[in-house]
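Here are a few exercises to work through with the sequence and the model side by side. Try each task yourself before reading its solution.

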Amino acid sequence: TIPAIASGYQVRMTLLHAGFDDPQICKYPGESGGAGWECARDGFDGSRVWLGGIEGFSDWAVGDEVSPTAVSNLHIQTTSPSHLPLIPLLATVLTLLTSAWLWLTRSSTFSKS
């Protein structure tokens with residue numbers, strides 16, 4: 001068990017990456033409204049990147065060729081499916097079924113008489 005430490009510690013973190021050309025360790029401090037990833041590194045090789053002097057815990061990721069804002073929301077678009085074509089189709093099917101039922105009902109009435 002690791003005892004809880006509120007302050008006075010520093011950690012060196014090593015994370016794996018998939019052969020990135022310019023990997024950096026990025027943390028999300030949380031107060032920048034989603035565009036505040038902070039990225040840095042002390043060194044890297046073909047599969048690892050490391051950073052020392054970490055004094056707090058956060059959400060971490062490995063970024064490649066990161067800009068000042070490593071993770072950004074470029075574009076989001078949502079649409080809800082339109083059910084309008086379904087309404088005329090259902091009306092047509094209902095009309096056809098009603099017509100067939102009336103035709104069969106009248107045909108059987110005429111054949112009995």
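Six bridges join strand E2 to strand E6, and the two run antiparallel; strands pair here if DSSP finds at least two bridges between them. You are looking at a predicted model, in which local features need pLDDT of at least 70 and side-chain atom pairs count only at pLDDT 80 or more, while totals for chains, interfaces and linings use all residues. Residues are numbered from 1 along each chain as its sequence is written, and side-chain values use heavy atoms, with hydrogens and water left out.

**Exercise 1. Lay out the chain**

Task: find how many helices and strands the protein chain has, and the pattern they follow along the sequence.

Solution.
- Step 1: Count the elements, taking helices (H or I, at least four residues) and strands (E, at least two) as DSSP runs numbered from the N terminus. The protein chain has six strands and one helix.
- Step 2: Read along the sequence, and the pattern is β-β-β-β-β-β-α.
- Step 3: Look at the contacts, meaning heavy atoms within 4.5 Å. Of those in the protein chain between residues at least 6 apart in sequence, 67% join residues at least 24 apart.
- Step 4: Turn to burial, where buried means under 20% relative accessible area, exposed over 50%, and partly exposed in between (1.4 Å probe, protein chains only). Of the 113 residues in the protein chain, 14% are buried.

**Exercise 2. Build the sheet around E2**

Task: work out the strand order of the open sheet that holds E2, and which strands stand at its edges.

Solution.
- Step 1: Start from E2, residues 23–28, which is joined to E3 by three bridges in an antiparallel pair. On E2 and E6, six antiparallel bridges make the link.
- Step 2: Put these together as an open sheet of three strands in the order E3-E2-E6, with antiparallel pairing. E3 (38–40) and E6 (59–64) are the edge strands; each has a single partner strand, so one side of each is left without a neighbour in the sheet.
- Step 3: Check the twist, which averages 30 degrees from one strand to the next; the axes are lines fitted to C-alpha atoms, for helices over the stretch in contact, and angles run from 0 to 180 degrees between N-to-C directions.
- Step 4: Find the register. Ile 25 stands opposite Val 62 in E6 and opposite Ala 40 in E3.

**Exercise 3. Build the other sheet**

Task: find the order of the open sheet that contains E1, E5 and E4.

Solution.
- Step 1: Pair E1 with E5 (residues 48–54); five bridges join them in the antiparallel sense. Thr 14 and Trp 50 in E5 stand opposite each other.
- Step 2: Write the order as E1-E5-E4, an open sheet of three strands with antiparallel pairing. E1 and E4 each have a single partner strand, so at these edges one side of each has no neighbour in the sheet.

**Exercise 4. Track down the salt bridges**

Task: how many salt bridges are there, if the rule is a side-chain nitrogen of Lys or Arg within 4 Å of a carboxyl oxygen of Asp or Glu?

Solution.
- Step 1: The count comes to three salt bridges.
- Step 2: Arg 41 meets Asp 22, at 2.6 Å from N to O. Arg 41 lies in the loop between E3 and E4 (43–44) and Asp 22 in the loop between E1 (11–16) and E2, so the pair ties together parts 19 residues apart in sequence. Arg 41 is partly exposed at 30%, and Asp 22 is partly exposed at 25%.
- Step 3: Glu 38 pairs with Lys 27, with the closest N and O atoms 4.0 Å apart. Glu 38 is in E3 and Lys 27 in E2, 11 residues apart, and Lys 27 stands opposite Glu 38. Glu 38 is partly exposed at 42%, as is Lys 27 at 29%.
- Step 4: Asp 45 and Arg 48 meet at 2.6 Å, N to O. Asp 45 is partly exposed at 28%, and Arg 48 is partly exposed at 37%.

**Exercise 5. Place Gln 24**

Task: decide whether Gln 24 counts as buried or exposed, and find what surrounds Gln 24.

Solution.
- Step 1: Locate Gln 24 in strand E2.
- Step 2: The relative accessibility of Gln 24 is 15%, so Gln 24 counts as buried.
- Step 3: Leaving aside neighbours within four places in sequence, Gln 24 has contacts that include Cys 39, Ala 40, Val 49 and Val 62.
- Step 4: Look at Ala 40 again: its backbone nitrogen lies 3.3 Å from a polar atom of the Gln 24 side chain.

Notes:
Polar contact = N/O pair within 3.5 Å; in protein donor to acceptor, adjacent residues only side chain to side chain.
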